[in-house]
Amino acid sequence: MYDFLLSPKDIEIRNKVKKFVKERVPADLLKKMDRDEIQYPREYVVNLAKENLIGLRFPPKWGGQGLGWTAEVAALEEIGPLGMSLGCLYSLPSICGEALNVFGNDDQKTRFLKPTLEGKKFTAEALTEPRGGSDFFGATTKAVKDGTDFLLTGQKRFVVGAEGADYFILYARTGDTSTPSKDAITLFIVDKDKGVETKYLYKLLGTRGGGAGRLMLNKVRVPKENVIGKVGDGGKIFYQMMIPERMTSAAGILGGARAALDVAAEYSTKRKQFGQHINEFQAVSFKIADSIMLLDAARAIVYMAARAIDTGQPGSICRRLVSEAKRFSTEKAWDIVNMAMQVTGGIGYTQVYPIEKILRDARLSMIWTGTSEIMNLIIQHEFYKELGERKAKKDERDIEKDALEDANEEKVFDDDMLLK
Ligand SMILES: Cc1cc2nc3c(=O)[nH]c(=O)nc-3n(C[C@H](O)[C@H](O)[C@H](O)COP(=O)(O)OP(=O)(O)OC[C@H]3O[C@@H](n4cnc5c(N)ncnc54)[C@H](O)[C@@H]3O)c2cc1C
(Lines give C-alpha, C1' and ligand atoms only; values in the text may rest on other atoms or scores of the structure.)
Protein backbone atom coordinates (compact mmCIF):
# COMPACT_ATOMS: atom_id res chain seq x y z
CA MET A 1 0.00 0.00 0.00
CA TYR A 2 2.89 2.36 0.72
CA ASP A 3 5.05 1.01 -2.09
CA PHE A 4 5.13 4.46 -3.68
CA LEU A 5 7.42 5.53 -0.82
CA LEU A 6 9.90 2.81 -1.65
CA SER A 7 12.37 1.84 -4.37
CA PRO A 8 11.99 -1.58 -6.05
CA LYS A 9 14.90 -2.86 -3.92
CA ASP A 10 13.28 -1.50 -0.74
CA ILE A 11 10.08 -3.34 -1.68
CA GLU A 12 11.99 -6.55 -2.26
CA ILE A 13 13.62 -6.30 1.19
CA ARG A 14 10.34 -5.36 2.86
CA ASN A 15 8.66 -8.40 1.33
CA LYS A 16 11.49 -10.67 2.40
CA VAL A 17 11.24 -9.41 5.99
CA LYS A 18 7.45 -9.79 5.91
CA LYS A 19 7.83 -13.42 4.81
CA PHE A 20 10.47 -14.02 7.51
CA VAL A 21 8.18 -12.57 10.17
CA LYS A 22 5.28 -14.72 9.02
CA GLU A 23 7.13 -18.00 8.58
CA ARG A 24 10.28 -18.05 10.66
CA VAL A 25 9.33 -16.68 14.05
CA PRO A 26 7.15 -19.07 16.03
CA ALA A 27 4.46 -17.59 18.28
CA ASP A 28 5.89 -19.82 21.00
CA LEU A 29 9.15 -17.82 20.95
CA LEU A 30 7.27 -14.57 21.60
CA LYS A 31 5.29 -16.17 24.41
CA LYS A 32 8.37 -17.63 26.09
CA MET A 33 10.13 -14.28 25.87
CA ASP A 34 7.14 -12.48 27.35
CA ARG A 35 7.05 -15.03 30.17
CA ASP A 36 10.75 -14.35 30.80
CA GLU A 37 11.56 -17.96 30.01
CA ILE A 38 14.03 -16.89 27.32
CA GLN A 39 16.59 -14.19 27.95
CA TYR A 40 18.14 -13.83 24.55
CA PRO A 41 16.91 -15.60 21.40
CA ARG A 42 20.16 -15.98 19.44
CA GLU A 43 18.52 -18.24 16.85
CA TYR A 44 16.31 -15.38 15.69
CA VAL A 45 19.29 -13.10 15.00
CA VAL A 46 21.21 -15.95 13.34
CA ASN A 47 18.27 -16.71 11.05
CA LEU A 48 17.87 -13.06 10.08
CA ALA A 49 21.58 -12.87 9.32
CA LYS A 50 21.42 -16.01 7.19
CA GLU A 51 18.81 -14.22 5.06
CA ASN A 52 21.14 -11.19 4.89
CA LEU A 53 18.47 -9.03 6.50
CA ILE A 54 20.37 -7.21 9.22
CA GLY A 55 22.54 -4.12 8.90
CA LEU A 56 20.88 -3.31 5.57
CA ARG A 57 22.51 0.13 5.36
CA PHE A 58 26.10 -1.04 5.65
CA PRO A 59 28.38 -1.73 2.68
CA PRO A 60 28.20 -5.24 1.17
CA LYS A 61 31.93 -5.59 1.93
CA TRP A 62 31.02 -5.82 5.62
CA GLY A 63 27.89 -7.91 5.14
CA GLY A 64 25.24 -5.23 4.58
CA GLN A 65 23.33 -4.35 1.44
CA GLY A 66 24.32 -0.71 0.95
CA LEU A 67 20.69 0.43 1.23
CA GLY A 68 19.21 3.59 2.71
CA TRP A 69 17.08 4.37 5.72
CA THR A 70 13.85 3.97 3.73
CA ALA A 71 14.63 0.27 3.30
CA GLU A 72 15.41 -0.09 6.98
CA VAL A 73 12.24 1.75 8.02
CA ALA A 74 10.15 -0.51 5.78
CA ALA A 75 11.88 -3.59 7.21
CA LEU A 76 11.43 -2.37 10.78
CA GLU A 77 7.72 -1.76 10.35
CA GLU A 78 7.39 -5.42 9.35
CA ILE A 79 9.48 -6.55 12.34
CA GLY A 80 7.41 -4.33 14.68
CA PRO A 81 4.49 -6.74 15.18
CA LEU A 82 6.96 -9.21 16.76
CA GLY A 83 7.27 -6.85 19.71
CA MET A 84 9.88 -4.44 20.92
CA SER A 85 12.44 -6.97 22.16
CA LEU A 86 12.75 -8.69 18.80
CA GLY A 87 12.64 -5.26 17.18
CA CYS A 88 15.52 -4.18 19.38
CA LEU A 89 17.56 -7.29 18.64
CA TYR A 90 17.00 -6.59 14.95
CA SER A 91 18.10 -2.98 15.48
CA LEU A 92 21.20 -3.48 17.62
CA PRO A 93 23.47 -4.43 14.69
CA SER A 94 22.26 -1.25 13.00
CA ILE A 95 22.84 0.92 16.09
CA CYS A 96 26.20 -0.50 17.18
CA GLY A 97 27.14 -1.06 13.55
CA GLU A 98 26.77 2.67 12.89
CA ALA A 99 29.64 3.44 15.27
CA LEU A 100 31.79 0.73 13.72
CA ASN A 101 30.91 1.59 10.15
CA VAL A 102 31.27 5.36 10.40
CA PHE A 103 34.09 5.69 12.95
CA GLY A 104 35.72 2.25 13.14
CA ASN A 105 38.79 1.16 11.21
CA ASP A 106 39.00 -1.82 8.85
CA ASP A 107 40.46 -4.03 11.55
CA GLN A 108 37.47 -3.31 13.83
CA LYS A 109 35.04 -3.78 10.96
CA THR A 110 36.65 -7.15 10.18
CA ARG A 111 36.66 -8.29 13.81
CA PHE A 112 33.25 -6.96 14.82
CA LEU A 113 31.00 -5.48 12.14
CA LYS A 114 31.27 -8.31 9.63
CA PRO A 115 30.73 -11.20 12.07
CA THR A 116 27.83 -9.26 13.61
CA LEU A 117 26.07 -8.90 10.28
CA GLU A 118 26.78 -12.58 9.60
CA GLY A 119 25.08 -13.56 12.86
CA LYS A 120 28.33 -14.90 14.31
CA LYS A 121 28.81 -12.25 16.99
CA PHE A 122 26.17 -10.52 19.08
CA THR A 123 26.34 -6.91 20.07
CA ALA A 124 24.75 -4.56 22.61
CA GLU A 125 24.96 -0.88 23.40
CA ALA A 126 25.98 0.19 26.90
CA LEU A 127 25.28 3.86 27.45
CA THR A 128 22.88 4.21 30.37
CA GLU A 129 24.26 4.08 33.91
CA PRO A 130 22.45 3.68 37.21
CA ARG A 131 23.10 7.39 37.76
CA GLY A 132 21.26 8.32 34.55
CA GLY A 133 20.50 7.83 30.90
CA SER A 134 19.42 11.25 29.68
CA ASP A 135 22.58 13.06 30.73
CA PHE A 136 25.03 11.31 28.42
CA PHE A 137 27.94 13.61 29.25
CA GLY A 138 27.52 12.87 32.96
CA ALA A 139 28.78 9.28 32.48
CA THR A 140 30.92 8.10 35.39
CA THR A 141 32.22 4.77 34.12
CA LYS A 142 35.95 5.44 33.95
CA ALA A 143 38.62 4.29 31.54
CA VAL A 144 42.13 4.69 32.93
CA LYS A 145 45.22 4.23 30.78
CA ASP A 146 47.44 1.27 31.75
CA GLY A 147 50.36 1.01 29.35
CA THR A 148 48.73 0.97 25.93
CA ASP A 149 45.55 -0.60 27.33
CA PHE A 150 42.64 0.92 29.26
CA LEU A 151 41.14 -0.34 32.51
CA LEU A 152 37.38 0.22 32.65
CA THR A 153 35.53 0.50 35.94
CA GLY A 154 31.87 1.32 36.53
CA GLN A 155 28.35 0.11 35.92
CA LYS A 156 25.89 0.25 33.05
CA ARG A 157 22.19 -0.34 33.42
CA PHE A 158 19.28 -1.55 31.25
CA VAL A 159 21.52 -2.93 28.53
CA VAL A 160 19.43 -5.00 26.11
CA GLY A 161 21.54 -8.02 25.30
CA ALA A 162 23.54 -7.87 28.53
CA GLU A 163 22.71 -11.55 28.65
CA GLY A 164 23.55 -12.81 25.20
CA ALA A 165 25.88 -10.28 23.61
CA ASP A 166 29.52 -11.15 22.90
CA TYR A 167 30.69 -7.57 22.96
CA PHE A 168 29.47 -4.16 24.05
CA ILE A 169 29.78 -0.77 22.44
CA LEU A 170 30.42 1.05 25.70
CA TYR A 171 31.01 4.69 26.59
CA ALA A 172 33.45 5.56 29.37
CA ARG A 173 35.03 8.72 30.71
CA THR A 174 38.65 9.24 29.71
CA GLY A 175 38.85 12.96 30.44
CA ASP A 176 39.55 14.56 33.81
CA THR A 177 37.80 17.53 35.42
CA SER A 178 39.67 19.97 33.18
CA THR A 179 38.53 18.25 29.94
CA PRO A 180 35.57 19.91 28.21
CA SER A 181 32.57 17.53 28.44
CA LYS A 182 32.38 17.09 24.69
CA ASP A 183 35.91 15.62 24.66
CA ALA A 184 35.73 13.68 27.92
CA ILE A 185 34.14 10.45 26.75
CA THR A 186 35.50 7.63 24.61
CA LEU A 187 33.72 4.76 22.92
CA PHE A 188 35.14 1.29 23.46
CA ILE A 189 34.46 -2.16 22.08
CA VAL A 190 34.43 -4.36 25.17
CA ASP A 191 34.50 -8.12 24.83
CA LYS A 192 32.18 -9.62 27.39
CA ASP A 193 34.52 -12.50 28.15
CA LYS A 194 37.27 -10.09 29.24
CA GLY A 195 35.69 -9.82 32.69
CA VAL A 196 32.39 -7.97 32.26
CA GLU A 197 29.97 -9.26 34.87
CA THR A 198 26.30 -9.20 33.93
CA LYS A 199 23.12 -9.46 35.95
CA TYR A 200 19.67 -10.08 34.53
CA LEU A 201 17.81 -8.06 37.12
CA TYR A 202 14.68 -6.48 36.01
CA LYS A 203 11.06 -7.50 36.16
CA LEU A 204 10.07 -5.44 33.14
CA LEU A 205 6.52 -4.33 32.40
CA GLY A 206 7.00 -5.44 28.79
CA THR A 207 9.73 -5.74 26.18
CA ARG A 208 10.87 -8.92 27.87
CA GLY A 209 13.22 -11.60 26.64
CA GLY A 210 15.90 -9.27 25.26
CA GLY A 211 18.30 -9.92 28.10
CA ALA A 212 18.13 -6.37 29.48
CA GLY A 213 20.53 -6.27 32.40
CA ARG A 214 23.24 -4.61 34.41
CA LEU A 215 26.93 -4.60 33.46
CA MET A 216 29.56 -4.42 36.15
CA LEU A 217 33.11 -3.57 35.18
CA ASN A 218 35.97 -3.75 37.63
CA LYS A 219 39.23 -2.84 35.88
CA VAL A 220 38.22 -4.63 32.71
CA ARG A 221 41.22 -4.49 30.37
CA VAL A 222 40.51 -3.14 26.90
CA PRO A 223 43.29 -2.83 24.32
CA LYS A 224 43.80 0.48 22.49
CA GLU A 225 42.83 -1.35 19.27
CA ASN A 226 39.27 -1.40 20.65
CA VAL A 227 38.88 2.37 20.88
CA ILE A 228 36.40 3.50 18.24
CA GLY A 229 37.65 6.66 16.56
CA LYS A 230 40.05 8.56 18.79
CA VAL A 231 40.19 8.97 22.58
CA GLY A 232 37.65 11.72 23.39
CA ASP A 233 35.54 11.11 20.27
CA GLY A 234 32.70 9.55 22.29
CA GLY A 235 30.53 12.68 22.20
CA LYS A 236 30.83 13.04 18.45
CA ILE A 237 30.05 9.35 17.91
CA PHE A 238 27.10 9.54 20.32
CA TYR A 239 25.47 12.23 18.15
CA GLN A 240 25.81 9.97 15.12
CA MET A 241 24.52 6.90 16.95
CA MET A 242 21.44 8.79 18.08
CA ILE A 243 20.23 8.59 14.48
CA PRO A 244 19.94 4.78 14.33
CA GLU A 245 18.86 4.59 17.99
CA ARG A 246 15.93 6.89 17.43
CA MET A 247 15.06 5.92 13.89
CA THR A 248 14.82 2.24 14.84
CA SER A 249 12.53 3.09 17.78
CA ALA A 250 10.38 5.33 15.59
CA ALA A 251 10.06 2.83 12.75
CA GLY A 252 9.65 -0.34 14.79
CA ILE A 253 6.72 0.99 16.79
CA LEU A 254 4.80 1.70 13.56
CA GLY A 255 4.53 -2.07 13.19
CA GLY A 256 3.40 -2.55 16.79
CA ALA A 257 0.68 0.09 16.45
CA ARG A 258 -0.40 -1.33 13.10
CA ALA A 259 -0.74 -4.80 14.64
CA ALA A 260 -2.94 -3.48 17.47
CA LEU A 261 -5.06 -1.48 15.04
CA ASP A 262 -5.56 -4.51 12.78
CA VAL A 263 -6.63 -6.72 15.69
CA ALA A 264 -9.07 -4.09 17.00
CA ALA A 265 -10.53 -3.23 13.59
CA GLU A 266 -11.15 -6.89 12.81
CA TYR A 267 -12.67 -7.46 16.22
CA SER A 268 -15.03 -4.52 15.66
CA THR A 269 -16.44 -6.18 12.52
CA LYS A 270 -17.24 -9.38 14.46
CA ARG A 271 -18.35 -8.25 17.90
CA LYS A 272 -22.04 -7.39 18.26
CA GLN A 273 -23.68 -5.18 20.91
CA PHE A 274 -27.27 -3.92 20.91
CA GLY A 275 -27.88 -6.18 17.90
CA GLN A 276 -25.27 -4.63 15.62
CA HIS A 277 -21.59 -4.89 14.90
CA ILE A 278 -19.71 -2.43 17.06
CA ASN A 279 -17.96 -0.84 14.07
CA GLU A 280 -21.40 0.46 13.11
CA PHE A 281 -21.27 2.70 16.19
CA GLN A 282 -19.57 5.89 15.16
CA ALA A 283 -17.86 6.11 18.56
CA VAL A 284 -16.02 2.91 17.66
CA SER A 285 -15.35 3.41 13.95
CA PHE A 286 -14.13 6.96 14.52
CA LYS A 287 -11.50 5.58 16.93
CA ILE A 288 -10.39 3.37 14.09
CA ALA A 289 -10.37 6.41 11.77
CA ASP A 290 -8.30 8.41 14.27
CA SER A 291 -5.87 5.53 14.59
CA ILE A 292 -5.45 5.14 10.83
CA MET A 293 -4.80 8.86 10.45
CA LEU A 294 -2.30 8.98 13.33
CA LEU A 295 -0.49 5.92 12.03
CA ASP A 296 -0.19 7.45 8.57
CA ALA A 297 1.01 10.74 10.04
CA ALA A 298 3.62 8.88 12.11
CA ARG A 299 4.68 6.90 9.06
CA ALA A 300 4.98 10.12 7.07
CA ILE A 301 7.26 11.79 9.58
CA VAL A 302 9.42 8.69 9.93
CA TYR A 303 9.85 8.43 6.16
CA MET A 304 10.54 12.17 5.96
CA ALA A 305 13.36 11.75 8.48
CA ALA A 306 14.61 8.72 6.54
CA ARG A 307 14.68 10.70 3.29
CA ALA A 308 16.46 13.59 5.02
CA ILE A 309 19.27 11.29 6.15
CA ASP A 310 19.42 9.35 2.88
CA THR A 311 19.70 12.54 0.84
CA GLY A 312 22.43 13.97 3.08
CA GLN A 313 20.56 16.92 4.56
CA PRO A 314 22.50 19.00 7.13
CA GLY A 315 22.99 17.47 10.57
CA SER A 316 20.75 20.00 12.32
CA ILE A 317 17.78 19.18 10.07
CA CYS A 318 18.35 15.47 10.48
CA ARG A 319 18.66 15.79 14.27
CA ARG A 320 15.38 17.72 14.46
CA LEU A 321 13.46 15.43 12.11
CA VAL A 322 14.75 12.26 13.72
CA SER A 323 13.78 13.57 17.18
CA GLU A 324 10.34 14.60 15.91
CA ALA A 325 9.88 11.20 14.26
CA LYS A 326 10.91 9.38 17.45
CA ARG A 327 8.64 11.39 19.69
CA PHE A 328 5.65 11.57 17.38
CA SER A 329 5.73 7.96 16.27
CA THR A 330 6.11 6.52 19.77
CA GLU A 331 3.52 8.81 21.36
CA LYS A 332 0.96 8.30 18.59
CA ALA A 333 1.59 4.55 18.67
CA TRP A 334 0.78 4.64 22.38
CA ASP A 335 -2.51 6.44 21.58
CA ILE A 336 -3.34 3.94 18.84
CA VAL A 337 -2.69 0.92 21.05
CA ASN A 338 -4.83 2.45 23.81
CA MET A 339 -7.64 3.04 21.32
CA ALA A 340 -7.31 -0.57 20.16
CA MET A 341 -7.75 -1.68 23.77
CA GLN A 342 -10.81 0.55 24.14
CA VAL A 343 -12.37 -0.84 20.96
CA THR A 344 -11.90 -4.42 22.16
CA GLY A 345 -13.36 -3.64 25.58
CA GLY A 346 -12.70 -5.97 28.51
CA ILE A 347 -11.30 -8.78 26.42
CA GLY A 348 -8.63 -6.41 25.14
CA TYR A 349 -7.35 -6.07 28.70
CA THR A 350 -6.82 -9.82 28.96
CA GLN A 351 -4.19 -12.08 27.49
CA VAL A 352 -6.73 -13.54 25.07
CA TYR A 353 -5.65 -10.90 22.56
CA PRO A 354 -2.11 -9.55 22.15
CA ILE A 355 -3.13 -5.91 22.58
CA GLU A 356 -2.19 -5.87 26.26
CA LYS A 357 1.30 -7.13 25.35
CA ILE A 358 1.70 -4.51 22.64
CA LEU A 359 0.59 -1.88 25.15
CA ARG A 360 3.10 -3.06 27.76
CA ASP A 361 5.84 -2.97 25.13
CA ALA A 362 4.84 0.36 23.63
CA ARG A 363 5.13 2.29 26.89
CA LEU A 364 8.88 1.87 26.82
CA SER A 365 9.23 3.38 23.37
CA MET A 366 8.64 6.86 24.84
CA ILE A 367 11.41 6.29 27.39
CA TRP A 368 14.30 4.43 25.78
CA THR A 369 16.72 5.70 23.16
CA GLY A 370 16.04 9.17 24.53
CA THR A 371 12.83 10.17 26.32
CA SER A 372 10.12 12.35 24.76
CA GLU A 373 11.39 15.22 26.92
CA ILE A 374 14.90 14.86 25.54
CA MET A 375 13.44 14.76 22.01
CA ASN A 376 11.73 18.07 22.78
CA LEU A 377 15.00 19.58 23.97
CA ILE A 378 16.57 18.77 20.61
CA ILE A 379 13.56 19.80 18.50
CA GLN A 380 13.27 23.26 20.03
CA HIS A 381 17.05 23.78 20.15
CA GLU A 382 17.48 23.01 16.45
CA PHE A 383 14.43 25.08 15.52
CA TYR A 384 15.57 28.21 17.41
CA LYS A 385 18.97 27.89 15.75
CA GLU A 386 17.36 27.49 12.33
CA LEU A 387 14.99 30.43 12.96
CA GLY A 388 17.91 32.69 13.89
CA GLU A 389 19.77 31.70 10.74
CA ARG A 390 16.71 32.30 8.55
CA LYS A 391 15.99 35.70 10.10
CA ALA A 392 19.63 36.75 9.68
CA LYS A 393 19.34 36.20 5.93
CA LYS A 394 16.52 38.77 5.72
CA ASP A 395 15.13 37.17 2.56
CA GLU A 396 11.68 36.34 3.97
CA ARG A 397 8.53 38.41 4.14
CA ASP A 398 8.24 40.31 7.44
CA ILE A 399 5.01 38.77 8.68
CA GLU A 400 4.79 41.09 11.70
CA LYS A 401 4.15 44.00 9.36
CA ASP A 402 0.87 42.33 8.31
CA ALA A 403 -0.62 42.99 11.76
CA LEU A 404 -3.61 45.32 11.54
CA GLU A 405 -2.16 47.79 14.02
CA ASP A 406 1.19 49.36 13.37
CA ALA A 407 2.02 49.92 17.03
CA ASN A 408 5.66 49.07 17.63
CA GLU A 409 5.69 50.87 20.97
CA GLU A 410 3.34 48.15 22.28
CA LYS A 411 5.93 45.47 21.56
CA VAL A 412 7.40 45.39 25.05
CA PHE A 413 9.66 42.45 25.85
CA ASP A 414 11.32 43.38 29.12
CA ASP A 415 11.51 46.01 31.87
CA ASP A 416 14.52 47.71 30.30
CA MET A 417 12.44 48.74 27.31
CA LEU A 418 9.91 50.44 29.56
CA LEU A 419 12.63 52.37 31.31
CA LYS A 420 14.07 53.77 28.07
C1 LIG B 1 13.90 -2.16 29.08
C2 LIG B 1 14.91 -1.10 28.83
C3 LIG B 1 15.88 -1.30 27.86
C4 LIG B 1 16.87 -0.35 27.64
N5 LIG B 1 17.88 -0.62 26.75
C6 LIG B 1 19.01 0.14 26.79
C7 LIG B 1 20.20 -0.29 26.12
O8 LIG B 1 20.23 -1.32 25.44
N9 LIG B 1 21.30 0.47 26.24
C10 LIG B 1 21.34 1.60 26.99
O11 LIG B 1 22.39 2.23 27.06
N12 LIG B 1 20.22 2.04 27.62
C13 LIG B 1 19.07 1.33 27.55
N14 LIG B 1 17.94 1.72 28.25
C15 LIG B 1 17.99 2.95 29.05
C16 LIG B 1 17.11 4.05 28.52
O17 LIG B 1 17.61 4.57 27.31
C18 LIG B 1 17.02 5.10 29.64
O19 LIG B 1 16.20 4.53 30.67
C20 LIG B 1 16.46 6.41 29.18
O21 LIG B 1 17.36 7.07 28.32
C22 LIG B 1 16.14 7.35 30.36
O23 LIG B 1 17.20 7.41 31.26
P24 LIG B 1 16.90 7.18 32.82
O25 LIG B 1 16.12 5.94 32.97
O26 LIG B 1 18.19 7.26 33.55
O27 LIG B 1 15.97 8.38 33.23
P28 LIG B 1 16.46 9.84 33.63
O29 LIG B 1 17.51 10.30 32.69
O30 LIG B 1 16.75 9.86 35.08
O31 LIG B 1 15.14 10.68 33.37
C32 LIG B 1 14.04 10.69 34.29
C33 LIG B 1 13.01 11.70 33.80
O34 LIG B 1 13.59 13.01 33.77
C35 LIG B 1 13.43 13.59 32.48
N36 LIG B 1 14.59 14.42 32.16
C37 LIG B 1 15.89 14.12 32.34
N38 LIG B 1 16.67 15.13 31.92
C39 LIG B 1 15.82 16.09 31.46
C40 LIG B 1 16.00 17.38 30.88
N41 LIG B 1 17.22 17.88 30.68
N42 LIG B 1 14.91 18.07 30.54
C43 LIG B 1 13.67 17.57 30.70
N44 LIG B 1 13.43 16.36 31.25
C45 LIG B 1 14.49 15.63 31.61
C46 LIG B 1 13.35 12.38 31.54
O47 LIG B 1 12.73 12.74 30.32
C48 LIG B 1 12.53 11.42 32.38
O49 LIG B 1 11.16 11.76 32.26
C50 LIG B 1 16.87 0.84 28.40
C51 LIG B 1 15.86 1.07 29.34
C52 LIG B 1 14.91 0.11 29.58
C53 LIG B 1 13.88 0.37 30.65
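## A three-domain chain and its ligand shell

The shell around the ligand is made up of 13 nonpolar, eight polar and two charged residues. Please keep in mind that this is a predicted model. The chain is divided into three domains: domain 1 (3–121), domain 2 (126–232) and domain 3 (236–391). Below is a short tour of the ligand surroundings, the domain 1 and domain 2 contact, the nonpolar core and one enclosed helix.

**Around the ligand**

- There are 23 residues around the ligand, and those that come nearest are L127, G133, S134, T371 and E373.
- Strand 1 (123–126), strand 3 (149–159) and helix 11 (372–393) are the elements that each give two or more residues to this shell.
- Seen by domain, the shell draws at least three residues from domain 2 and at least three from domain 3.

**Where domain 1 meets domain 2**

- The centres of domain 1 and domain 2, taken over C-alpha atoms, are separated by 23 Å.
- On the domain 1 side 22 residues take part in the contact, and on the domain 2 side 18 residues do.
- If you would like to trace the domain 1 side by element, look at helix 2 (27–34), helix 5 (84–103) and helix 6 (106–117), which each give two or more residues to it.
- Helix 5 gives the most to that side of domain 1, with nine residues.
- By class, the residues on the side of domain 1 that touches domain 2 are 13 nonpolar, four polar and five charged.

**The nonpolar core**

- In soluble globular proteins, nonpolar side chains tend to be buried together.
- Here, the largest nonpolar core has 114 residues, and F168, F188, A260, V302, V337 and A340 are those with the most contacts inside it.
- Helix 7 (residues 234–270) supplies the largest share of this core, 16 residues.
- A260 is a handy residue to click on: neighbours within four places in sequence aside, A260 is in contact with I336, V337, A340, I355 and I358.

**Helix 4, an enclosed helix**

- Helix 4 (residues 69–79) is largely enclosed by the rest of the structure, because 11 of its 11 residues are buried.
- The buried residues of helix 4 include the nonpolar W69, A71, V73, A74, A75, L76 and I79.
- E72, E77 and E78, which count as charged, are also among the buried residues of helix 4, as is the polar T70.
- The cover over these buried residues includes helix 1 (8–23), helix 5, helix 7 and helix 8 (282–310).
- Helix 5 therefore turns up twice in this tour, in the cover over helix 4 and on the side of domain 1 that touches domain 2.

Notes. Residues numbered from 1 in each chain as written. Predicted model: local features only at pLDDT ≥ 70, side-chain atom pairs only at ≥ 80, totals over all residues. Near = placed C-beta within 6 Å. Helix = DSSP H or I, 4+ residues; strand = E, 2+ residues; numbered from the N terminus. Domains from an automatic or database assignment. Core = buried A, V, L, I, M, F, W, Y, C linked by C-beta atoms within 7 Å. Buried ≥ 20, exposed ≤ 12 C-beta atoms within 10 Å, placed from the backbone. Contact = placed C-beta atoms within 7 Å.
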